[in-house]
Amino acid sequence: MANDIKFKTDVLIIGSGPAGSSMSALLSTYGIQNVVVTKYNWLANSPRAHITNQRTMEVLRDLGIEDEAIGKAAPQELMGDNVFCTSLAGEELGRLQTWGMHPHRFADYTLASPTQICDIPQDLMEPILVGAGARRGSKYRFDTEYLSLEQNKEGVTALVKDRVSGELYKIRAKYLIGADGGNSKVAADLDLPFTGQMGVDGSINIVCNMDLSRYVAHRPSVLYWVLQPGSDVGGIGMGVVRMVRPWDKWLLIWGYDIKQGPPELTNEEAIKIVHNLVGDDSIEVDIESTSTWTVNHCYATTISKGRVFCLGDAIHRHPPSNGLGSNTSIQDAFNLAWKLALVLKGKANTSLLDTYQAERAPVAQQIVNRANKSITEFGPIFQSLGLTDTSDPTQMKTNMAKRKETTPEAEAQREALRKAILHKSYEFNCHGVEMNQRYTSQAIVKDGTEEPAYQRDKELYYQATTWPGAHLPHVWIGKNGHKISTLDVAGKGRFTVFTGIGGEAWLAASQKIAEALNIDLQAVQIGPDRDYTDIYGDWVTAREINDSGCLLVRPDFHVAFRAQTVSSNPEQDLTNALQQILGVTNPVIV
């Protein structure tokens with residue numbers, strides 16, 4: 001009967017994409033029972049999302065699956081020679097060293113994290129996340145469609161449909177996660193408020209197998225941008241040849257007029273588009289799939305209601321520009337999972353869950369606006385080449401050729417193109433967009449200092465700081481002659497206190513507080529002959545506190561509390577901080 005509750009779980013997750021599968025893996029790692037339902041019979045059926053930034057790799061590292069992901073990924077050194085051309089076999093208009101591969105930028109990426117940016121197609125990423133969750137206790141129910149939900153103060157009841165048998169049944173959970181993508185039914189059922197517009201433009205994906213080694217192996221990249229008459233129709237403004245696997249599997253993107261609706265491509269039409277973008281109709285092409293998608297500019301201003309929380313594309317809907325989609329989805333889960341775990345274990349008040357809204361809703365707005373702005377920043381490239389008027393393809397080619405002339409106008413055109421391509425660093429070297437999130441919420445205890453001003457462009461460059469709310473800086477420290485990242489010392493679902501010589505009172509206080517609040521709280525001391533040593537002398541600068549000071553770091557690597565020096569009552573100060581974060585004075589029974 002549809003009215004029967006078939007089973008109960010702590011957390012029910014709707015959707016098995018990057019958001020849902022990472023939430024599942026994290027919850028199981030933290031010892032929380034969870035069930036994932038997805039209406040599909042398996043995971044992602046196309047490469048879709050692929051750029052995997054350092055913040056996401058840090059989550060995978062914390063989960064213990066970083067090496068598995070690296071084994072499936074194209075490494076950073078194969079990602080960075082973004083080419084702008086008339087076709088792969090045609091004229092090259094310019095290049096941009098991207099994803100940290102310019103020598104000046106490579107140091108920024110290397111210093112920022114123990115991980116490296118890489119390229120993992122979504123259909124390879126999802127099985128890694130699902131495998132991690134399933135091995136640790138997550139239960140997956142494929143071919144199971146979410147239909148509706150009801151919630152009260154005690155929990156959420158979801159009505160689902162078994163798409164194989166047709167059976168309707170209910171699942172009862174203490175909390176429900178809506179991770180069901182850009183057309184989220186969970187978000188719609190909650191009537192979450194959204195700002196922006198869906199369906200701004202249209203694009204076609206063509207996944208195919210072909211050997212393009214002769215055209216790309218000498219200029220390795222994940223993205224080749226093709227400017228030619230016709231490629232301006234809808235979508236992202238130009239044709240794209242995207243590497244899925246070096247150098248024989250590809251995803252090509254072509255626009256369509258959204259006013260006329262999505263086209264149904266024949267195999268022959270798809271091959272024609274492929275040959276056109278490659279510029280060589282002798283290449284053997286095996287079409288694997290075609291699909292259409294729309295460019296969206298839309299984000300939720302409220303991302304939860306009651307015991308239901310939405311994350312991933314359900315709350316931030318945007319084009320793939322900047323490679324922010326699956327990355328932000330996984331990071332949403334990293335923010336929420338430890339909070340749910342503490343609440344469900346009775347170690348935190350439900351007020352801790354309110355901080356998800358305060359911390360992640362601004363990120364959703366930021367990345368949606370940035371991704372859509374990146375599309376508009378192709379405009380100067382089109383303008384410099386004389387491609388803004390698309391009514392006459394012959395004239396477009398003539399305009400492009402003018403830059404080769406020996407005239408002041410041609411020199412100005414060449415300079416305009418150079419600057420326009422360089423400006424695309426805001427899409428392809430967006431290190432600050434990826435890494436600079438600084439939270440403000442009740443789960444962050446401010447120390448009375450002003451937020452540090454950015455010394456360089458905050459979208460292009462990451463600026464490490466221990467200002468409360470910021471991400472713990474990565475520094476290599478030493479133990480028994482081996483080096484370890486500060487991020488490897490922290491995380492793993494626990495709070496971590498960092499202090500130095502003279503901070504022994506913080507260590508003693510941490511032990512007492514861990515017992516009193518019944519939380520997983522470790523304390524480490526960095527200094528000569530202590531738990532870890534500052535082998536390169538970098539920590540003393542990065543920590544932004546004195547030897548006797550203290551940093552309290554949350555399970556998601558964000559600094560929650562900071563003291564410049566040892567205080568007169570470290571136990572009280574740390575207790576106050578943790579009680580504010582957890583919203584408790586005594587353990588809570590859920």
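**View 1. Aromatic pairs in the predicted model, with Tyr140 and Phe142 as an example.** In this predicted model, a search through the whole structure finds 15 aromatic pairs. One of them is formed by Tyr140 and Phe142, whose ring centres are 5.9 Å apart and whose planes meet at 25°, so this pair is stacked; the limit for stacking is an angle under 30 degrees. Which of the two categories, buried or partly exposed, applies to Tyr140? Tyr140 is buried, because its relative accessible area is 17% and buried means under 20%. Phe142, with a relative accessibility of 24%, counts as partly exposed.

**View 2. The pair of Phe498 and Trp539.** Here the ring centres of Phe498 and Trp539 lie 5.6 Å apart and the planes make an angle of 45°, so the pair is described as tilted. The pair links distant parts of the chain, since Phe498 belongs to strand 21 whereas Trp539 belongs to helix 18 (residues 539-542), and 41 residues separate them. Both Phe498 and Trp539 are buried.

**View 3. The open sheet that contains strand 21.** The sheet is an open one, built from 4 strands in the order 22-21-23-24, and its pairing is mixed. Strand 22 (521-526) and strand 24 (559-563) are the edge strands, each of them pairing on one side only. From one strand to the next, the twist averages 15°. Helix 19 (residues 570-582) packs on this sheet, where it touches strand 21, strand 22, strand 23 and strand 24, and its direction makes about 20° with that of strand 23.

**View 4. Strand 21 beside strand 23.** Strands of a sheet pair through backbone hydrogen bonds, and they can do so either parallel or antiparallel. In this view, strand 21 (residues 495-500) and strand 23 (residues 550-553) run antiparallel and are joined by 4 bridges. Which residue of strand 23 stands opposite Val497? The residue opposite Val497 is Leu552.

**View 5. An aromatic cluster, and a lysine over one of its rings.** Trp99, Trp225, Phe378, Phe382 and Phe428 together form one aromatic cluster. Over the face of Phe378, a member of this cluster, lies Lys424, at 3.7 Å from the ring centre.

**View 6. Lys479 and the ring of Tyr532.** In this last view, a lysine and a tyrosine are shown together: the charged end of Lys479 sits over the ring of Tyr532, at 5.0 Å from the centre of that ring.

Technical notes
Residues numbered from 1 in each chain as written. Predicted model: local features only at pLDDT ≥ 70, side-chain atom pairs only at ≥ 80, totals over all residues. Heavy atoms only, no water. Pairing = 2+ DSSP bridges. Helix = DSSP H or I, 4+ residues; strand = E, 2+ residues; numbered from the N terminus. Axes fitted to C-alpha atoms, helices over the stretch in contact; angles between N-to-C directions. Contact = heavy atoms within 4.5 Å. Phe/Tyr/Trp six-rings, centres within 6.5 Å; stacked < 30°, edge-to-face > 60°. Buried < 20%, exposed > 50% of the residue type's maximum accessible area, 1.4 Å probe, protein only. Lys NZ or Arg CZ within 6 Å of the ring centre and 35° of its normal.
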